[in-house]
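Me: Please take a close look at one part of this structure, the largest pocket, and then set it beside the second largest.

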Amino acid sequence: MTEKIKNFINGKWVDAISKKTFTSCNPADQRDVIAHVADSNVRDVNVAVASARKAFPSWSSLPAPKRGEILYRAAEILVKRKEVLGKMVTREMGKILKEGLGDVQEAIDMTYYMAGEGRRLCGETVPSELPNKDAKSVRVPVGVFGLITPWNFPIAIPSWKIIPALIAGNTIVFKPAEETPVCATRFVEVLEEAGLPHGVLNLVHGFGETVGDPIVRHLDVDAIAFTGSNEVGSQIATTCASLQKHFMMETGGKNPIIIMDDADLDLACEGALWGGFGTSGQRCTAASRLIVHQKIYDRFVKKFKERAARLVLGTDLGPIVSPAQYDKVLDYIAIGEKEGARLILGGTTPARENGNKRGKYAYGTFIEPTIFVDVTPTMRIAREEIFGPVVSILKVSNLKEAIKIANDVSFGLSAAIYSKDVNNTAVFERDMDAGIIYINASTIGAEIQLPFGGTKKTGLGPRDAGGRGGALDHYTKWKVIYRDFSGHLQKAQID
Ligand code: NAD
């Protein structure tokens with residue numbers, strides 16, 4: 001059944017002022033129209049920002065442990081609703097159910113974790129240089145936040161931003177990806193049910209130019225947090241810089257797995273499969289480059305190809321999120337072939353094989369697991385983020401060369417090495433320039449209690465997740481307080 005998805009402004013579910021809508025479809029079967037969604041514009045944004053501003057004084061002055069109690073209630077509701085939400089992630093975004101449930105679990109973990117931070121929003125008390133003087137720092141809320149999120153983790157990523165912003169005492173205007181508005185709405189419903197006061201969290205659906213950009217430019221929005229593509233991130237960063245607005249972004253990745261000659265090849269193969277083809281490669285941490293030692297190259301490639309060929313579409317790999325993204329991935333496969341890389345698996349779509357309109361995949365945006373060998377470091381498929389089930393394999397003769405190639409891209413999100421030699425892994429830990437490093441594990445699978453984000457063009461500003469030293473550094477600002485009681489002491493003549 002097609003439902004109607006509205007904006008949530010000042011505690012009420014409302015249509016876009018223009019009454020316009022757009023549709024959200026199931027990528028596994030485009031005929032399944034999940035929802036008609038409020039297609040908002042700057043007018044809706046203005047109302048949402050005014051609502052967030054009005055709610056700020058009372059929300060920010062509510063003691064943080066009390067804010068935490070609301071978040072604990074939200075976490076409990078999420079636990080009860082995990083299955084329903086996970087199924088919606090699968091239906092709307094396309095990832096397989098096991099991963100859809102994982103998406104919700106991340107939000108559960110984040111919500112419990114940050115609820116506890118309500119009792120730990122610590123600053124510092126330090127000795128002063130002078131007698132009869134106190135010196136301390138406290139964390140205070142920033143104000144109204146604009147939060148803009150992508151589609152690939154349609155519940156987890158909104159939770160990474162909304163939950164820390166709330167515990168810190170900020171109010172929010174939230175714009176989710178236009179591909180996954182229903183998932184975002186379900187998450188906001190949970191917070192409403194948990195008792196969040198009116199106006200604290202406002203949800204405005206719509207597109208980047210008509211909703212995202214007005215949020216970024218709005219003079220009453222104090223700060224922005226963004227996850228998405230580098231192109232959009234860079235535009236937003238430019239606008240925020242010109243308005244001197246606080247900003248953080250987490251963007252693309254081109255994550256490598258180095259497989260050394262002493263690696264456990266079965267383990268490495270499983271890690272490469274999960275990293276390369278999990279979520280059909282639509283993860284910012286996807287392992288899209290395998291950098292393999294020449295001594296085990298042939299053995300590894302044979303094993304990896306055999307295992308990847310056994311992955312089943314619809315069971316192990318979901319569809320690509322949208323027709324536009326599907327075309328982009330197919331374009332990259334064509335680019336790889338043109339550049340001279342050798343396609344040894346996939347590269348095609350079951351719908352096309354079946355003459356376009358037959359078979360169970362015919363109405364979905366499915367792409368077979370795809371492997372390129374003979375890839376060189378300068379090829380575009382080895383340097384640019386594809387965001388699909390496409391893995392490039394490069395051959396190297398030693399660790400130094402492997403790390404050089406691994407580092408020689410503009411991104412630095414996650415990176416992995418498979419080796420039994422502690423010296424290899426120590427050098428990798430030291431020399432690999434990435435935000436998240438894995439030893440004998442794949443490039444994906446971060447935990448919310450540690451900062452999540454990347455170096456180079458992957459990240460700008462404080463990280464998502466983690467607590468103090470992570471997300472809370474973006475969602476709070478420091479206030480330093482000195483109290484000098486010498487003058488009063490003299491007057492009071494205490495001795
Ligand atoms: P996208 O940049 O196209 O869209 C992200 C969000 O920005 C959407 O809500 C979109 O509507 C909005 N937007 C678009 N144009 C805008 C504008 N001009 N002003 C304001 N907002 C605008 O990205 P996507 O396709 O949704 O997501 C995929 C990208 O996200 C990939 O590059 C992936 O690597 C990245 N990603 C990064 C991380 C990370 O933590 N590093 C995590 C997940 C996804």
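Reply: What follows covers the two pockets in turn. This is a predicted model, in which local features need pLDDT of at least 70, side-chain atom pairs count only at pLDDT 80 or more, and totals for chains, interfaces and linings use all residues. Residues are numbered from 1 along each chain as its sequence is written, and side-chain values use heavy atoms, with hydrogens and water left out.

The largest pocket holds about 970 Å³ of space. A pocket here is an open set of points on a 1 Å grid over the protein atoms alone, where a 1.4 Å probe fits, with protein on both sides within 12 Å along at least five of seven lines; lining residues have an atom within 4 Å of a point. Points are joined across faces, edges and corners, and the volume is the space filled by probe spheres set on them.

Its lining has 38 residues, and Phe 226, Gly 228, Ser 229, Glu 231 and Val 232 lie nearest the centre. By class, 14 of the lining residues are nonpolar, 13 polar and 11 charged (Ala, Val, Leu, Ile, Met, Phe, Trp, Tyr, Cys and Pro count as nonpolar, Asp, Glu, Lys and Arg as charged, the others, Gly among them, as polar).

The second largest pocket has about 330 Å³ of space. It is lined by 21 residues, with Glu 106, Phe 153, Arg 283, Gly 445 and Ala 446 closest to its centre. Nine of the lining residues are nonpolar, five polar and seven charged. Helix α4 (residues 97–117) gives the most to this lining, seven residues (helices are DSSP runs of H or I, at least four residues, numbered from the N terminus).

How values were computed: Helix = DSSP H or I, 4+ residues; strand = E, 2+ residues; numbered from the N terminus.
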